[in-house]
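Me: I am new to this one. Can we go through it step by step, in short turns?

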Amino acid sequence: SMAAPSLATPVTSHLAQARFQSVYEPAEDSFLLLDALEKEREFLCSRGSQVCLEVGTGSGVVITFLAQLLGKTSQYWATDINPHAVKAAQETAKANTVDVTVVESRFADKLDVAKKVDVLLFNPPYVVTPSDEVGSRGIEASWAGGAFGREVIDEFLVLVPGLLSSRGVFYMVVIDENKRTGTPADIMTALPGFAVETVLQRRAGPERLSILKFWAAAAAAASSSSSLVCSFSRCLANLGFTQRPILSCTKPSLDWGRMCSPVSADALPK
């Protein structure tokens with residue numbers, strides 16, 4: 001089957017350059033997160049309707065891209081501590097004709113989404129800075145990360161298990177300096193019971209950026225047994241035992257392709 005065409009980066013031309021003096025302008029880290037979400041397209045689109053939240057949305061380009069990727073059956077929320085960013089993100093969603101609810105909030109403090117978030121996104125302030133630069137409500141909040149660039153990251157990681165649903169996945173941007181041991185292992189200690197993998201990496205100037213994906217280890221075990229059933233059914237299909245489609249697909253309201261959901265075990269050839 002043909003691969004779905006790449007989605008274009010959301011339009012941000014409505015934001016005049018002067019706005020980026022008070023709102024984080026999409027940069028290499030933003031674009032790497034977009035590329036990671038596109039790489040995860042098949043996985044994300046296989047899960048049906050989802051509650052999606054981006055914390056620290058800035059210009060809104062990432063949550064807008066996710067809304068374009070998954071379509072109108074999911075709900076999209078975004079927060080930012082910077083009121084200028086909240087307004088910019090609202091405008092970005094509107095300019096790209098997607099529905100995103102943007103709230104001025106620190107993390108998800110003002111949202112009632114405990115244990116409800118299926119897709120969580122965070123491009124945190126990861127730059128190593130003096131600790132006294134952390135905590136601004138202005139554009140500095142988008143980059144100042146304190147010691148190891150980890151002060152805001154660590155504060156948020158404690159909240160993640162309380163936000164994610166049982167099938168929730170969490171994508172976060174980090175740089176090598178954030179990993180005190182040079183591996184994701186020390187970041188994982190803040191999320192006991194979670195598995196982690198690196199979706200994409202890219203060097204941008206002196207920084208090596210990574211997109212980490214976290215999910216509950218129990219959910220990972222359940223999905224691996226499910227994928228074994230799907231793999232077996234594909235083998236049967238390839239051998240000509242059935243003409244039944246292995247994926248049930250419905251046309252979304254987007255023109256880039258089809259959203260697919262795995263067939264249930266009951267529907268597999270007996």
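## Salt bridges, cores and backbone

Me: In this predicted model, how far apart are the closest N and O atoms of E91 and K87?

Reply: E91 forms a salt bridge with K87. That pairing needs a side-chain nitrogen within 4 Å of a carboxyl oxygen. For E91 and K87, the closest N and O atoms are 2.8 Å apart.

Me: How many residues separate E91 and K87, and in which helix?

Reply: Both sit in one helix, residues 83-95. About one helical turn lies between E91 and K87, because they are 4 residues apart in helix 4.

Me: Is E91 buried, partly exposed or exposed? And K87?

Reply: Buried means under 20% relative accessible area, and exposed means over 50%. E91 has 23%. K87 has 48%. So E91 is partly exposed, and K87 is also partly exposed.

Me: Which residue is linked with K87 and E91 in a network of salt bridges?

Reply: The network joins K87 and E91 with one further residue. That residue is R19.

Me: How many salt bridges does a search of the whole structure find?

Reply: The search covers the whole structure. The pair E91 and K87 is one example of a salt bridge. The total is 11.

Me: R137 forms a salt bridge with E104. How many residues apart are they?

Reply: The closest N and O atoms of this pair are 2.6 Å apart. The pair links distant parts of the chain. R137 is in the loop between strand 4 (117-122) and helix 5 (151-157), while E104 is in strand 3 (residues 101-104). In sequence they are 33 residues apart.

Me: What relative accessible area does R137 have, and what is the value for E104?

Reply: R137 and E104 are the two partners of a salt bridge. R137 is partly exposed, at 47%. E104 is partly exposed too, at 30%.

Me: R150 and D154 meet in a salt bridge. Is R150 buried or exposed?

Reply: Their N to O distance is 2.8 Å. D154 is partly exposed, at 23%. R150 has a relative accessible area of 2%, and the limit for burial is 20%. So R150 is buried.

Me: Which residues touch the most other members of the largest nonpolar core?

Reply: This core has 63 residues. Four of them touch the most other members. They are L66, L120, F170 and Y171.

Me: What does F170 touch, leaving out residues up to four places away in sequence?

Reply: The list includes L120, which is also among the residues that touch the most other core members. F170 further touches F122, F156, L157, V160, L164, L191, L212, K213 and F214.

Me: How many residues of helix 3 are buried?

Reply: Helix 3 covers residues 61-70. Its buried residues include V61, F65, L66 and L70. The helix is mostly covered, and the buried count is 10 of 10.

Me: Which residue follows helix 3, and what is its phi?

Reply: The residue after helix 3 has a positive phi. It is G71, with phi near 85°.

Me: Which phi does K115 have, and which does F148 have?

Reply: Most residues other than glycine have a negative phi. K115 is exposed, at 54%, and lies in the loop between strand 3 and strand 4. F148 is partly exposed, at 41%, and lies in the loop between strand 4 and helix 5. Both are positive: K115 has about 60°, and F148 is near 55°.

Me: How far apart in space are I211 and F122, C-alpha to C-alpha?

Reply: I211 is in strand 7 (residues 207-216). I211 is buried, with a relative accessible area of 0%. The two residues are 89 apart in sequence. In space they are 9.8 Å apart.

Me: Which residues does N82 touch, not counting those up to four places away in sequence?

Reply: N82 is in the loop between strand 2 (75-80) and helix 4. N82 counts as buried, at 3% relative accessibility. Among its contacts is R137, the salt-bridge partner of E104. The others are S22, V23, G138 and I139.

Terms used. Residues numbered from 1 in each chain as written. Predicted model: local features only at pLDDT ≥ 70, side-chain atom pairs only at ≥ 80, totals over all residues. Heavy atoms only, no water. Core = buried A, V, L, I, M, F, W, Y, C linked by side-chain atoms within 4.5 Å. Buried < 20%, exposed > 50% of the residue type's maximum accessible area, 1.4 Å probe, protein only. Contact = heavy atoms within 4.5 Å. Helix = DSSP H or I, 4+ residues; strand = E, 2+ residues; numbered from the N terminus.
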